[in-house]
Amino acid sequence: MGVFDLDGDNVGRVRDVVASLRLDDRPPIVLGLVVEVVSRRRIFLPITRVTGLESGQVITTGVVNLRRFEQRPGETLVLGELLDRRVALVETGEEVTVLDVAMVNRRGREWQLEKVFVRKGGGGRLRRRGGETLTVDWRAVTGFALAEEQQGAATLLATFEQLRPADLAGVLHHLSAKRRAEVAAALDDERLADVLGELPDDDQVEILGKLAEERAANVLEEMDPDDAADLLSELPAQDTERLLALMRPTDAAPLRRLLRYPEKTAGGLMTSEPIVLEPDATVAEALARVRQPDLSPALASQVYVCRPPTQTPTGTYLGLIHFQRLLRDPPYTLLGSIVDADLRPLPPQAGLQLVTSHLATYNMVAAPVVDEDDHLLGAVTVDDVLDHLLPEDWRESLPHEEQPAGGSAAGPGATTALRGRTGGAGGAGAPGRAGGGAGRGVRRRA
């Protein structure tokens, strides 16, 4: 659900609900929402600052704290940790799997988790999906407080099925290591490959290390060669060689070539799978290749014309053609007659600064990388350059951390005052949370 302030300005999108389980069988209280704002940063929005949940939208007061959300001891993420759990019905002791929960408003702005939607039958990845489902009161099930060893992730993934790989990567990054491994195990190879390419290096290494080696090799085969090479470069040499040996030779060979180049050079940045065509190919053939849905916009921006063979490293590199030129010429036009041979390609040893200035000087989003024998080795795209120009934590950073979201409702002074208050007690089961009054917008530590 989208989150909006009282003026209708977009604050972000709900990614999870934070609850506090109780020691007895009373329903957990809802502490707040995890909201994703710009740059995929996740912040905590206290439930006391939510003025309405209606028409598929969350309405909040205008000032929110943009400090990054960090889960505290005693807090539970409803989507991240409760879905797919195996619990038991109190009355019969029968094992059920949690598919969903319902939060109910009791009075004012106090919410509780009161209903649980479950499927009967045993857990595990091979469980039958057609079992009986039913909705029960929270008190009718037991086992939420117990440690879950093999939780599965089918329901959680169904919740985020429509997310882009970059957004799903944000979900994985904020899960616990255990849940991250369970979600990764439940994703198919192609989807996991797309998501891995959007994760920080340490998350990539952690997830790959928890996969069986055969599956890890399969996932690497599905990744873009430059992303797979970057990931392999983070592993110990013996692990890298073992995974390469498990891969198909046709997939492993480009990675071995990429791994020979230093990281921040054109050779280390490039992908080995640009669009390559022969000079007697037609504009129609080139446009058909550009339309392939698996290509990134940067790679689809131009085609490279080479003499056979057209697999990298290719025969003699002749030049490139931007897709806008392809749109201007008749479909039967031969590529050799419209190729741009004047733009100088990059050598594989070119450093990051040279690559960046080359793209900026010629207003390009991709550039060919050619060796001293005029063989096309690959292409550097602007997204890979940006990955190395931005700070290492750019996927989590926010350009202006102290700027309030929904700024029309409060200026800088209001934000400062808000963070200066401690408020009252956080309520039952919520030690340490900022409590009543205007101070409820703050998460403070002792």
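## Overall picture

Take contacts in the protein between residues at least 6 apart in sequence: 59% of them join residues at least 24 apart. The model is predicted. Its secondary structure comes to 16 helices and 17 strands. The protein has 446 residues, and buried residues make up 48% of them.

## Strands S1, S5 and S6

Strand S6 covers residues 57-60. Strand S1, residues 2-4, runs parallel to S6, and 3 bridges join the two. Within this pairing, Val3 stands opposite Val58 of S6.

S6 also pairs with strand S5, residues 50-54. Here the strands run antiparallel, joined by 4 bridges. Leu53 has Val58 as its bridge partner in S6. Val58 is thus named twice: opposite Val3 and as the partner of Leu53. Glu54 stands opposite Gln57 in S6. S5 and S6 form a hairpin with 2 residues between the strands. One residue of this hairpin, Ser55, takes a positive phi near 55°. In general, strands of a sheet pair through backbone hydrogen bonds, in either the parallel or the antiparallel sense.

## Leu45 and its surroundings

Leu45 lies in strand S4, which spans residues 42-46. Is Leu45 buried or exposed? Its relative accessibility is 2%, so Leu45 counts as buried. The cut-off for buried is under 20%.

Which residues does Leu45 touch, leaving aside those up to four places away in sequence? The list is Val3, Gly32, Leu33, Val35, Val50, Thr60 and Val64. Several of these belong to strands described above. Val3 falls within S1, residues 2-4, and Thr60 within S6, residues 57-60. Val50 falls within S5, residues 50-54. Val35 is 10 residues from Leu45 along the chain, and the C-alpha atoms of the two are separated by 6.7 Å.

## The sheet S13-S14-S15

Further along the chain, 3 strands form an open sheet. Their order is S13-S14-S15, and the pairing is mixed. Strand S13 (276-277) and strand S15 (317-322) stand at the edges. Each has a single partner strand, so one side of each is left without a neighbour in the sheet.

Strand S14 covers residues 302-306. S14 and S15 pair in the antiparallel sense over 5 bridges. In this pairing, Cys306 stands opposite Tyr317 of S15.

## Helices H14 and H15

Helix H14 takes in residues 352-361, and helix H15 takes in residues 382-389. How do the two pack? Their axes are 11 Å apart, at an angle of about 135°. H14 and H15 are therefore oblique to each other. An angle counts as roughly antiparallel only over 145 degrees. The crossing of H14 and H15 is left-handed.

H14 brings Leu352, Val355, Thr356 and Leu359 to the contact. H15 brings Val382, Val385, His388 and Leu389. The residues of this contact divide into 6 nonpolar and 2 polar, with no charged residue.

Key. Residues numbered from 1 in each chain as written. Predicted model: local features only at pLDDT ≥ 70, side-chain atom pairs only at ≥ 80, totals over all residues. Heavy atoms only, no water. Axes fitted to C-alpha atoms, helices over the stretch in contact; angles between N-to-C directions. Parallel < 35°, antiparallel > 145°, perpendicular 65-115°, else oblique. Left-handed = near helix turned anticlockwise from the far one by under 90°. Contact = heavy atoms within 4.5 Å. Nonpolar A, V, L, I, M, F, W, Y, C, P; charged D, E, K, R; others polar. Buried < 20%, exposed > 50% of the residue type's maximum accessible area, 1.4 Å probe, protein only. Pairing = 2+ DSSP bridges.
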